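Subject: Structure handover and notes

Dear colleague,

Please find the structure below, with its sequence. My notes on it come straight after.

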Amino acid sequence: MSGLVNGQWVNGDVAAEEIKNGVFQRQETLFRQTTLIPEAGRYQLFVSYLCPWASRTLMFRKLKGLENIISLSIAQPVIADNGWEFTTPQDAGEHVAPVRYLHQLYTASDAHYTGKVSVPVLWDRIEGRIVNNESADIIRLFNSQFDTLTGNHEDYYPLALRSTIDEWNEVIYHINNNGVYKTGFAKTQ
Ligand SMILES: N[C@@H](CCC(=O)N[C@@H](CS)C(=O)NCC(=O)O)C(=O)O
């Protein structure tokens with residue numbers, strides 16, 4: 001697996017620490033801001049249709065009527081030598097050069113970033129930094145943070161059901177969502 005080491009792109013076994021004794025152990029996500037400023041045009045979502053985690057953020061963008069509020073950039077459906085790549089450079093605001101590779105967003109946010117460069121990414125165009133790259137957080141942000149702008153008050157994480165949702169999430173995440181990766185990336189039976 002490739003990624004960034006101290007802000008430099010390395011096409012090799014960067015995330016080797018993810019495989020311990022043949023077992024895939026998912027790296028912790030680093031950018032985890034959990035409140036946003038409800039402003040149209042401020043945030044930009046970077047995805048690839050290849051990625052199921054990114055796909056759930058796309059679904060929520062649609063469900064919550066955020067298509068005119070949060071702009072979208074779609075990487076090619078393959079992780080190539082330079083990681084996630086865009087067919088045409090993507091405008092991401094004033095603080096960063098047009099984005100050809102997703103890793104540009106990571107180094108713009110943290111010049112010394114070390115780790116995987118993954119989709120989805122929620123980017124702040126005004127401050128020029130990643131606010132969150134964890135799909136579980138991003139769907140919750142979409143669920144609640146823009147209601148005043150959209151008038152869409154549909155709540156997919158209602159207070160009364162949260163503990164039940166969290167309980168099921170724990171089960172589904174380990175067995176199903178991340179289970180696919182544990183099976184796919186494991187080096188031993
Ligand atoms: N914790 C992240 C995981 C996202 C993730 O694993 N994305 C994969 C694609 S499905 C990725 O971008 N991997 C890049 C790589 O392995 O180098 C989330 O749920 O948002």
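What follows covers helix packing, salt bridges and one surface patch.

The model is predicted, and the values below are computed from it.

Helix packing

I start with helix 3, residues 135–144. This helix is mostly covered, with eight of its 10 residues buried. The buried ones are Ser135, Ala136, Asp137, Ile138, Ile139, Leu141, Phe142 and Asn143. Their cover comes from several elements, including helix 1, helix 4 (147–150), strand 5 (43–48), strand 9 (121–124) and strand 10 (129–132).

Helix 1 deserves its own entry. Its axis is 9 Å from that of helix 3, and the packing angle is about 0°. An angle under 35 degrees counts as roughly parallel, so helix 1 and helix 3 are roughly parallel to each other. On the helix 1 side, the contact is made by Trp53, Arg56, Thr57, Phe60 and Arg61. On the helix 3 side, the residues are Ser135, Ala136, Ile138, Ile139, Phe142 and Asn143.

Helix 1 (residues 52–63) also meets helix 5: the two axes come within 11 Å and cross at roughly 125°. That angle makes helix 1 oblique to helix 5. Here helix 1 contributes Pro52, Trp53 and Arg56, while helix 5 contributes Tyr173, Asn177, Asn178 and Tyr181. Trp53 and Arg56 of helix 1 thus appear in the contact with helix 3 and in the contact with helix 5.

Salt bridges

The structure holds 10 salt bridges. Three of them are described here.

Which residue does Arg32 pair with? The partner is Asp137, and the N to O distance between the two side chains is 2.4 Å. Arg32 lies in the loop between strand 4 (23–24) and strand 5, whereas Asp137 belongs to helix 3, so the pair ties together parts that are 105 residues apart in sequence. The two partners are covered to unlike degrees: Arg32 is partly exposed, at 39% relative accessible area, and Asp137 counts as buried at 11% relative accessibility. Asp137 is also one of the buried residues of helix 3 listed above.

A second salt bridge joins Asp91 and Arg125, with the closest N and O atoms 2.8 Å apart. Asp91 sits in the loop between strand 7 (85–90) and strand 8 (99–101), and Arg125 in the loop between strand 9 and strand 10, so this pair links parts 34 residues apart in sequence. Asp91 counts as partly exposed, with 48% relative accessibility.

The third is between the side chains of Arg129 and Glu127, at 2.6 Å from N to O. Both partners count as partly exposed, Arg129 at 27% relative accessibility and Glu127 at 40%. This pair is part of a network in which salt bridges with shared partners join Glu39, Arg42, Asp124, Glu127 and Arg129.

Surface patch

Last, there is a nonpolar patch of about 430 Å² on the surface, made by Trp168, Val171, Ile172 and Ile175. Of these residues, Ile172 is found in helix 5, which runs over residues 162–185. Ile172 is partly exposed, its relative accessible area being 36%. Residues with over 30% relative accessible area can belong to a patch, and Ile172 at 36% is therefore above that cut-off.

Regards

Notes: Residues are numbered from 1 along each chain as its sequence is written. This is a predicted model: local features need pLDDT of at least 70, side-chain atom pairs count only at pLDDT 80 or more; totals for chains, interfaces and linings use all residues. Side-chain values use heavy atoms; hydrogens and water are left out. Patches are made of residues with over 30% relative accessible area and no salt bridge: like charges are joined within 9 Å, nonpolar side chains (Val, Leu, Ile, Met, Phe, Trp, Tyr) within 5 Å. Accessible areas come from the Shrake-Rupley method with a 1.4 Å probe; for residues, only the protein chains shown count as cover. A salt bridge is a side-chain nitrogen of Lys or Arg within 4 Å of a carboxyl oxygen of Asp or Glu. Helices (H or I, at least four residues) and strands (E, at least two) are DSSP runs, numbered from the N terminus. Buried means under 20% relative accessible area, exposed over 50%, partly exposed in between (1.4 Å probe, protein chains only). Axes are lines fitted to C-alpha atoms, for helices over the stretch in contact, and angles run from 0 to 180 degrees between N-to-C directions. Angles under 35 degrees count as roughly parallel, over 145 as roughly antiparallel, 65 to 115 as roughly perpendicular and the rest as oblique. Contact means heavy atoms within 4.5 Å.
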